[in-house]
Amino acid sequence: MNSHKLIIRKSLIVEGIQLITSVFLNEVDKSYKVYDRLPKGLYEMILKHSLKNIVVHEYLLIMSICESLLFVHERDDANEFKRQLMNLSDDKMRCALTGGVLTLDELNDITEQQVRDAIIKAGVRSVEEFMQIYLSPHSFFESFGKLLCEVVESKEFQNLYSKDIIEKLDLMCKQMHDEMEARHPLSYAQGLMGKSFYNIADWGVYEFIPVEICPYHALRLMDQDTNILLYNVNPKNDPPEEIKVRLVQNMKLISDPKRMELMKLIYAKPMSGKEIAKALNISTATVSHHIEQLRSAGFLNEERDKNTKYFSINQNAYLKITSDLKKYVFS
């Protein structure tokens, strides 16, 4: 008998959150191309909001919007989501702000300097601005809650989620449910993400939410009790010329003999940079170079356990090469 709770559902609240994060991420990296799929009025509504100026240059703050899903469990009503969000304790808001870099337990006994050190290591650039939000998080999340309500209640958003899209999400929910009849949710989640997880726990709740618009193929959120996986139901359909360019770049990238060894090594299990360097008998600086090249192209997944990063193969990226070859050669 299963000891966990399995939740599979669509959620317009989650759709709204993913839409907001997609727009903000697109301002940092235009390769997300989210503007191609959104009504102009909806895109501009998000960009005109004051929250954009706060988060657009800090990836951790953008992702904190998603992390709020771990602490607020309302999935249907935007105003109720906002109410629950504003009732969170300061520590839960701060945990969301750090994107899980700092856990709730760690926040109980940590100095301000330790917080600074942790967020610098996590890649935060504007440390002082981040710390101002961290020390007084309510105004940040109030601004986010207001934006979410404006987006979800807008006519453009409601028109975007047509009957056909709702039916597509319902169909994916049914497919997930059927496939997990004979498969544990943890195994299923790893299959969707295309990797083996380093952080594995006996989670009491598994929540799977298919989404129409998402900046990633899949996004995983977790704490000690809950594992949430958001899955993008829309595969990309790129033009042949774009596929050719990507193929050439990716095949050059992985053709390096040492990178091939590295990929074979971490296919077996997630490893840290130091572990990889020791196994391959090369310097950590060389490992860092190879990892950055592979990670930036999407071939590696990265998970953080406290202050250590663990890397694993993004199997979907390698399957994509095979798929691209078929699409380009036989098109």
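User: Which residue of β7 stands opposite Glu302?

Analyst: In this predicted model, Glu302 stands opposite Phe311 of β7. Met271 also stands opposite Phe311.

User: What makes β6 and β7 paired strands?

Analyst: DSSP must find at least two bridges between two strands before they count as paired. Six bridges join β6 to β7, so the criterion is met. The two strands run antiparallel.

User: How do you know that β5 pairs with β7?

Analyst: Two bridges join β5 to β7 (residues 308-313). Because the requirement is at least two, β5 and β7 count as a pair. The two run antiparallel, and one of the facing pairs is Ser272 with Tyr310.

User: Why are β5 and β6 called edge strands?

Analyst: The open sheet has three strands in the order β5-β7-β6, with antiparallel pairing. β5 (271-272) and β6 (300-305) each have a single partner strand, so one side of each has no neighbour in the sheet.

User: Why is helix α13 described as largely enclosed?

Analyst: Seven of the nine residues of α13 (residues 185-193) are buried, so the rest of the structure largely encloses this helix. The buried residues are Pro185, Leu186, Tyr188, Ala189, Gln190, Leu192 and Met193. After α13 comes Gly194, with a positive phi near 75°.

User: What makes the phi of Asn281 worth noting?

Analyst: The phi of Asn281 is positive, about 60°, although this residue is not a glycine. Most residues other than glycine have a negative phi. Asn281 lies in the loop between α16 (273-280) and α17 (284-296).

User: Is Asn281 buried or exposed, and how do you know?

Analyst: The relative accessible area of Asn281 is 70%. The cut-off for exposed is over 50%, so Asn281 is exposed.

User: Why is the contact between Asp90 and Arg94 called a salt bridge?

Analyst: The closest N and O atoms of Asp90 and Arg94 are 4.0 Å apart. The limit is within 4 Å, so the pair qualifies. Both residues lie in helix α6 (residues 90-97), four residues apart, about one turn of the helix. Arg94 also forms a salt bridge with Asp91, with closest N and O atoms 3.7 Å apart.

User: Which accessibility classes do Asp90, Asp91 and Arg94 fall into, and why?

Analyst: Arg94 has 16% relative accessibility, which is under 20%, so it counts as buried. Asp90, at 32%, lies between the 20% and 50% cut-offs and therefore counts as partly exposed. Asp91, at 24%, falls in that interval as well and is partly exposed.

User: How do you know that Arg295 and Glu292 form a salt bridge, and where do they lie?

Analyst: Their closest N and O atoms are 3.1 Å apart, which is within 4 Å, so the pair counts as a salt bridge. Because they are three residues apart in helix α17, about one helical turn separates them. Arg295 is partly exposed at 33%, as is Glu292 at 38%.

User: Why can Tyr328 belong to the nonpolar surface patch?

Analyst: A patch residue needs over 30% relative accessible area, and Tyr328 has 32%, so it passes that cut-off. Tyr328 joins Met251, Leu325, Val329 and Phe330 in the patch, which has about 500 Å² of accessible area together. Helix α18 (residues 315-329) supplies the largest share, three residues, and Tyr328 lies in that helix.

User: What makes Glu153 eligible for the negative patch?

Analyst: Glu153 has a relative accessible area of 46%, so it exceeds the 30% cut-off. Asp76, Asp77 and Glu150 form this negative patch with Glu153.

How values were computed: Residues numbered from 1 in each chain as written. Predicted model: local features only at pLDDT ≥ 70, side-chain atom pairs only at ≥ 80, totals over all residues. Heavy atoms only, no water. Patch = residues over 30% accessible without salt bridge, like charges linked within 9 Å, V, L, I, M, F, W, Y side chains within 5 Å. Areas by Shrake-Rupley, 256 points an atom, 1.4 Å probe, with all protein chains shown as cover. Salt bridge = Lys/Arg side-chain N within 4 Å of Asp/Glu carboxyl O. Lys, Arg positive; Asp, Glu negative; His and termini not counted. Charge placed at Lys NZ, Arg CZ, Asp CG, Glu CD. Buried < 20%, exposed > 50% of the residue type's maximum accessible area, 1.4 Å probe, protein only.
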